[in-house]
Amino acid sequence: MKEKNMNTKSIIRSIIEMGVCAVIIYLVFTFVVIPVRIQGGSMENNLHDGNIAFINAIDSRNGNVDRFDVVVLYSSELNEKIIKRVIGLPGEHIIYKDDKLYVNGQFVEQNFFDKKFIEESKKQNNVSLFTNDFEVTVGNDEIFVLGDNRLRSTDSRVLGCFSFDDVLGKQGMILYPFSDIQWID
């Protein structure tokens with residue numbers, strides 16, 4: 001009888017330990033890091049279709065987002081998580097003209113671009129501009145995001161600006177495939 005009691009206690013203890021582990025794993029993957037599988041080519045040539053990344057969910061809280069941060073957002077229009085780059089911050093006037101970014105009338109360099117990739121993409125798509133000209137004013141408490149592959153991205157040009165509440169995380173690390181391991185800046 002005593003042996004049966006010990007087995008029951010052992011089973012209950014194991015169930016409680018597994019439950020605690022499950023809760024910890026859930027909390028970590030909800031509030032600390034967000035696993036994301038990159039789908040499509042909207043972030044080429046920096047992130048690739050099929051990459052698996054862990055994105056930092058802590059640093060993006062309370063609107064802690066800067067220009068050119070790579071962010072994971074929830075798009076209610078698409079009903080899915082998307083990954084894009086922040087271009088415009090609250091209240092800014094954004095102009096793209098002749099593939100150049102102007103924020104509040106000032107030219108802003110975009111050093112994250114691979115110039116060779118841009119030229120090849122323009123040739124393949126038989127276009128003269130990588131980013132079609134547009135102008136937008138970002139609302140208060142909003143951000144304007146674009147994919148790095150402007151010719152193949154559904155982003156704020158189509159979906160509109162996003163609120164800070166839509167931001168699930170920013171930056172992080174590509175973990176798979178192993179040949180693509182890198183920090184996401």
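## Exercises on a predicted model

In this predicted model, the side chain of S153 comes within reach of the backbone nitrogen of G147, at 3.2 Å. The exercises below start from that residue and move on to the cores, the surface and the charged pairs.

**Exercise 1.** Determine where S153 lies, whether S153 is buried or exposed, and which residues S153 is in contact with, leaving aside its neighbours within four places in sequence.

*Solution.* Begin with the position: S153 sits in the loop between β9 and α3, the latter covering residues 156-159. Next, take the relative accessible area, which is 12% for S153; because buried means under 20%, S153 counts as buried. Then list the contacts, which, with neighbours within four places in sequence left aside, are S42, K84, L146 and G147. Finally, look at the polar atoms: the side chains of S153 and K84 are joined by a polar contact of 3.2 Å, and the S153 side chain also reaches the backbone nitrogen of G147 at 3.2 Å.

**Exercise 2.** Describe the largest nonpolar core, state which elements each supply at least two of its residues, and examine the surroundings of L101.

*Solution.* The largest nonpolar core has 16 residues, and I87, I94 and L101 are those with the most contacts inside it. At least two residues of this core come from each of β5 (93-97), β6 (100-103), α2 (115-124) and β9 (142-146). Apart from this core lies another, of 13 residues, with V36, M43, I83 and I184 among them. Turning to L101, and leaving aside its neighbours within four places in sequence, one finds contacts that include F68, I87, I94, Y96, F107 and V108. As general background, nonpolar side chains in soluble globular proteins tend to be buried together.

**Exercise 3.** Identify the residues that form a nonpolar patch on the surface, and classify I24 by its relative accessible area.

*Solution.* The patch is formed by I12, I16, V20 and I24, which together have about 370 Å² of accessible area. I24 belongs to helix α1, residues 2-31. With a relative accessible area of 49%, I24 is partly exposed, since the class of exposed residues begins over 50%.

**Exercise 4.** State how many salt bridges the structure holds, and analyse the one that E92 forms with R67.

*Solution.* There are seven salt bridges in the structure. In the pair of E92 and R67, the closest N and O atoms are 2.6 Å apart. This pair links distant parts of the chain, 25 residues apart, with E92 in the loop between β4 (80-88) and β5, and R67 in the loop between β2 (52-56) and β3 (70-75). As for accessibility, E92 counts as buried at 10%, whereas R67, at 22%, counts as partly exposed.

**Exercise 5.** Work out which residues are linked with K122 in a network of salt bridges, and compare where they lie.

*Solution.* First, K122 forms a salt bridge with D99, whose closest N and O atoms are 3.6 Å apart. K122 lies in helix α2 and D99 in the loop between β5 and β6, so this pair ties together parts that are 23 residues apart in sequence. Second, K122 forms a salt bridge with E119, here with the closest N and O atoms 3.3 Å apart; both of these residues lie in helix α2, three residues apart, about one turn of the helix. Third, consider accessibility: K122 counts as buried at 13%, while D99 is partly exposed at 23% and E119 is partly exposed at 42%. Taken together, D99, E119 and K122 are linked in a network of salt bridges.

Technical notes:
Residues numbered from 1 in each chain as written. Predicted model: local features only at pLDDT ≥ 70, side-chain atom pairs only at ≥ 80, totals over all residues. Heavy atoms only, no water. Core = buried A, V, L, I, M, F, W, Y, C linked by side-chain atoms within 4.5 Å. Buried < 20%, exposed > 50% of the residue type's maximum accessible area, 1.4 Å probe, protein only. Helix = DSSP H or I, 4+ residues; strand = E, 2+ residues; numbered from the N terminus. Contact = heavy atoms within 4.5 Å. Polar contact = N/O pair within 3.5 Å; in protein donor to acceptor, adjacent residues only side chain to side chain. Patch = residues over 30% accessible without salt bridge, like charges linked within 9 Å, V, L, I, M, F, W, Y side chains within 5 Å. Areas by Shrake-Rupley, 256 points an atom, 1.4 Å probe, with all protein chains shown as cover. Salt bridge = Lys/Arg side-chain N within 4 Å of Asp/Glu carboxyl O.
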